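Dear colleague,

I am handing over the structure below, together with notes on what was found in it. Please read the notes with the model open beside them.

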Amino acid sequence: MIQTNQTHTFHIPVLGLGYSVDTPIKVSPFGISSVASIVDDEMIERMRKHHTLSNGEVFIPIPTSEPDFRSKRITAYLNLMERIIDRHFSTLQKEPFETGTDITRYFELLPDSAALKTRYLEMKAMQPGAERTALQERLRNAISKGAIDVNIMSKVDKLNKDVFGEPLDDTFSDASAALRGFANSTLTSSLVLSAGMNPRLYNYVENFPDFFPDAKGHLKKRIILKVSDFRSAFIQAKFLAKKGIWVSEFRIESGLNCGGHAFATEGYLLGPILEEFKDRKQEMLEALFSLYLPALALKGIEIASAPSTRITVQGGIGTAQEDRFLLDHYEVDATGWGSPFLLVPEVTNVDDATLKDLVSAKSDDYYVSNSSPLGVLFNNFKKSSAEKQRLERIAKGRPGSPCNKKYLVSNTEFTAEPICTASRQYQNLKIKQLQSAKLSSQEYERQYQAVTEKLCLCDGLSTSTLKKHGLLTPRENHAVSICPGPNLAWFSKVYSLDEMVKHIYGKLDLLSHVSRPNMFINELSLYVEHYRKDIEMQANDLNDKKKKYLQKFKDQLLAGIDYYRGLIPQLSQHTHAYREEMFSQLATIENQLKTYPVV
């Protein structure tokens, strides 16, 4: 069965390495699409064992000594997830339409706008009899699973060596092996490529037939690009189109108002970005198809028309009104709700202690940091046990972490082989260099903090998953890293799947007790703070190039503020008082921004 989801208008994006690694098992049978990370094959193998045994199957381990173990582990896990989901879905389809059954829950979770929901409500209103039974059968046959999509961070692509220490071919790099693991799986779904373009990885996609259309023009495996602006989306899609690879979805994510790694734009705000996608979508698709068609012809493939392309958006959405406005005004096909689902234990893998901390957290517990060894901004959580452990290690004079998985090794400043900037090895070497550099005490402290801020994410972003399922040994590090978006500060309870879905569709308001700014205002505030910090950081070394960049950044923010002034009157789902408050907030932020000089 093709796992395209035409029932719900939202999806659950990837959450860390492990937080959503088995989310498809939990929500796909109910028609909800979600994304699992396929970066950490070690954690995936342990989760494969857990789910294999839990479902009465025989577990056959794939050891690291086996050739191509990484891709084989990923393939085996994805195939297992599909088998589990298929069994659950098949059972669900046969259940009676009664209170408490999963098939009833399936339909009750649907938005009222779904055609299937309308037919379900018609069936419920019917008297028992042949006509009602016939409609029930049609409903059973009409439902579909949610997509079992997977995510690869394109830049997490370490080159590897064999058991004898000899370099392996590029096709055995981390990202390429993960891609191969997905490509060789039985799934009919999508690969979400995030964190920018990786030409080596993008070139490798065309080695797998499932990414090309069949005789009927259908794609068994699709590409989703997670992007933060139109220009980068168009560049990446053209690169792929020339290879005969079609982008089936552009998943637009706020540059700062999101979870995980944050890829800030040059001051371009989400509203204007969505407007550009809306205005230029047709132009882009025509240009892409003109590249795609001849590329397919060179491979002996002919199609009558371009495959479909979806535009979706995620990052900082918090209310049903915001969700509806994005769908209606910008004509996006769906929205993504990520961080709020960290408070839904039946959907994501958050251990009890971390869940308790998230529930009690305040706004200032969530912050954009430089913690990631990737050198990319990272949404961090002050209360996380990994952050506490980092500070304890510094206090004991032993900064840095043991480096076990090595997914993020990249630095060769002190060593021939790349090492991770969060590792104890790197931080010790770097601190010794700082100590011999004869820096002022102030400058030394600044650079010391920058070095020791780096956090181990390879272990930390998987630990909570293993803790929740009792898969960590006593000797392993139990410190948890978690990377929720700042939007989670407004949610302060543990919720059920049904409650969160009702909130998304406006049947329940989980935020009725809080005063929360609009998502566009929240993102704008984050960008202004990012701009302020950038000026502060560059104050002592501000060259002409940087001045020009900062001025352009400021100009884009001011243009975005003007755009939102024109947009606010169109927020008809909100009250007049709400819109007036938005005007006031924009004016305050604009005045604040103008006080920050570039020079």
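Throughout this message, helices (H or I, at least four residues) and strands (E, at least two) are DSSP runs, numbered from the N terminus. The model is a predicted one, in which local features need pLDDT of at least 70 and side-chain atom pairs count only at pLDDT 80 or more, whereas totals for chains, interfaces and linings use all residues. Residues are numbered from 1 along each chain as its sequence is written, and side-chain values use heavy atoms, with hydrogens and water left out.

I begin with the sheets, for which two strands are taken to pair if DSSP finds at least two bridges between them. Eight strands form a closed barrel in the order β1-β2-β3-β4-β5-β6-β8-β9, and their pairing is parallel. From one strand to the next the twist averages 25°, where axes are lines fitted to C-alpha atoms, for helices over the stretch in contact, and angles run from 0 to 180 degrees between N-to-C directions. Within this barrel, five bridges join strand β6 (residues 247-253) to strand β8 (residues 310-314) in the parallel sense, and E253 has Q314 of β8 standing opposite. Helix α7 (residues 174-183) packs on the sheet, where it touches β3 (148-153) and β4 (190-194) and where its direction makes about 170° with that of β3; contact here means heavy atoms within 4.5 Å.

One residue of β6 deserves a closer look, namely R251, which lies in that strand. With a relative accessible area of 3%, R251 is buried, the classes being buried under 20% relative accessible area, exposed over 50% and partly exposed in between (1.4 Å probe, protein chains only). If residues up to four places away in sequence are not counted, R251 touches H11, V35, D149, V192, I224, L225, K226, V227, T312 and Q314. By contrast with those contacts, S371 is 120 residues from R251 in sequence and 25 Å from it in space, C-alpha to C-alpha.

There is also an open sheet of three strands, ordered β7-β11-β10 and paired in the antiparallel sense. Its edge strands, each of which pairs on one side only, are β7 (261-262) and β10 (366-369). Strand β7 and strand β11 (residues 377-381) run antiparallel and are joined by two bridges, and H261 has F378 as its bridge partner in β11.

Next come two helix pairs. Helix α10 (residues 270-298) and helix α19 (residues 544-567) pack with their axes 9 Å apart, at an angle of about 75°. That angle makes α10 roughly perpendicular to α19, on a scale where angles under 35 degrees count as roughly parallel, over 145 as roughly antiparallel, 65 to 115 as roughly perpendicular and the rest as oblique. On the α10 side the contact is made by L270, G271, P272 and E275, and on the α19 side by G560, Y563 and Y564. These contact residues divide into four nonpolar, two polar and one charged, where Ala, Val, Leu, Ile, Met, Phe, Trp, Tyr, Cys and Pro count as nonpolar, Asp, Glu, Lys and Arg as charged, and the others, Gly among them, as polar.

In the second pair, α14 and helix α15 (residues 441-452) cross at roughly 170°, and their axes come within 10 Å, which makes α14 roughly antiparallel to α15. Their contact is made by Y426, Q427, K430, I431, L434 and Q435 of α14 and by Y444, Q447, Y448, V451 and T452 of α15; by class, it has six nonpolar, four polar and one charged residues.

Two residues other than glycine have a positive phi and may merit a check on your side. A195, with phi near 75°, is found in the loop between β4 and α8 (199-205) and counts as buried at 9% relative accessibility. K406, with a phi of about 65°, is found in the loop between α13 (385-395) and α14 (424-435) and is partly exposed, its relative accessible area being 40%.

Finally, the cysteines: with a disulfide defined as a pair of cysteine sulfur atoms within 2.5 Å, the count comes to zero. For C258 the nearest cysteine sulfur, that of C483, is 9.4 Å away, and C258 counts as buried at 4% relative accessibility. For C456 the nearest cysteine sulfur is that of C458, at 5.5 Å, and C456 is likewise buried, with a relative accessible area of 18%.

With best regards
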